[in-house]
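This report describes a sheet and the helices that pack on it, beginning with the pairing of the strands. Please keep the sequence and the coordinates in view while reading.

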Amino acid sequence: MADLYTVSKSPFEKNSLEDAIRFSSEGASILLIEDGVYGAMAGTAVSDLVANAAGRKFYALRADLKARGIAEDRLIDGVELVDYAGFVDLVVNHDKVQAWL
């Protein structure tokens, strides 16, 4: 199993997303939660960073997208949406969880 990284801060305020990508290894999963879901949006200054992160799988928490008024059709291709049960499944199915603040 690989590692799961959670990113809860907006990529427009902090470099948490960039650091999570840089320090993660191939096969890792990155779950965007809270303001971190802004990193899942297509057409932004960081969308290429996510789209070009080879070997990483990206997830976004649907409830946090909805809370911020982000439509699902605005997401970067390949970002998978999860609900809270999916969040738990990701935690259970990874070796360890690293939270990037």
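In which sense do strand β1 and β2 pair, and over how many bridges?

## Central pairing

In this predicted model, strand β1, covering residues 4–7, pairs with β2 in the parallel sense, and the pairing runs over 4 bridges. Two residue pairs give the register between these strands: Y5 stands opposite I30 in β2, and V7 stands opposite L32 in β2.

On its way from β1 to β2 the chain passes through helix α1, residues 16–23, and the resulting β-α-β crossover is right-handed.

## Strand β2 and its second partner

Strand β2, residues 29–32, is covered on both of its faces, with S29 and L31 buried on one side and I30 and L32 buried on the other. In a regular strand the side chains alternate between the two faces of the sheet.

β2 also pairs with strand β3, residues 57–61, again in the parallel sense and over 4 bridges. Here A60 in β3 is the bridge partner of L32, the residue that V7 faces from the β1 side.

## The whole sheet

The sheet is open and consists of 5 strands, which follow one another in the order β4-β3-β2-β1-β5 with parallel pairing. Its edges are formed by β4 (80–82) and β5 (97–100); each of these has a single partner strand, so one side of each is left without a neighbour in the sheet. From one strand to the next, the twist averages 25°.

## Helices on the sheet

Helix α1, which connects β1 to β2 in the crossover, packs on the sheet and touches β1, β2, β3 and β5, while its direction makes about 170° with that of β1. Helix α4, residues 84–92, likewise packs on the sheet, where its contacts are with β1, β2, β3, β4 and β5, and its direction makes about 105° with that of β4.

## A buried serine in α2

Is S47, a residue of helix α2 (residues 47–51), buried or exposed? S47 counts as buried because its relative accessible area is 9%, and the cut-off for that class is under 20%. Leaving aside residues up to four places away in sequence, S47 touches M41, A42 and I76.

Conventions:
Residues numbered from 1 in each chain as written. Predicted model: local features only at pLDDT ≥ 70, side-chain atom pairs only at ≥ 80, totals over all residues. Heavy atoms only, no water. Buried < 20%, exposed > 50% of the residue type's maximum accessible area, 1.4 Å probe, protein only. Pairing = 2+ DSSP bridges. Right-handed = clockwise from strand over helix to strand, strands pointing away. Contact = heavy atoms within 4.5 Å. Axes fitted to C-alpha atoms, helices over the stretch in contact; angles between N-to-C directions.
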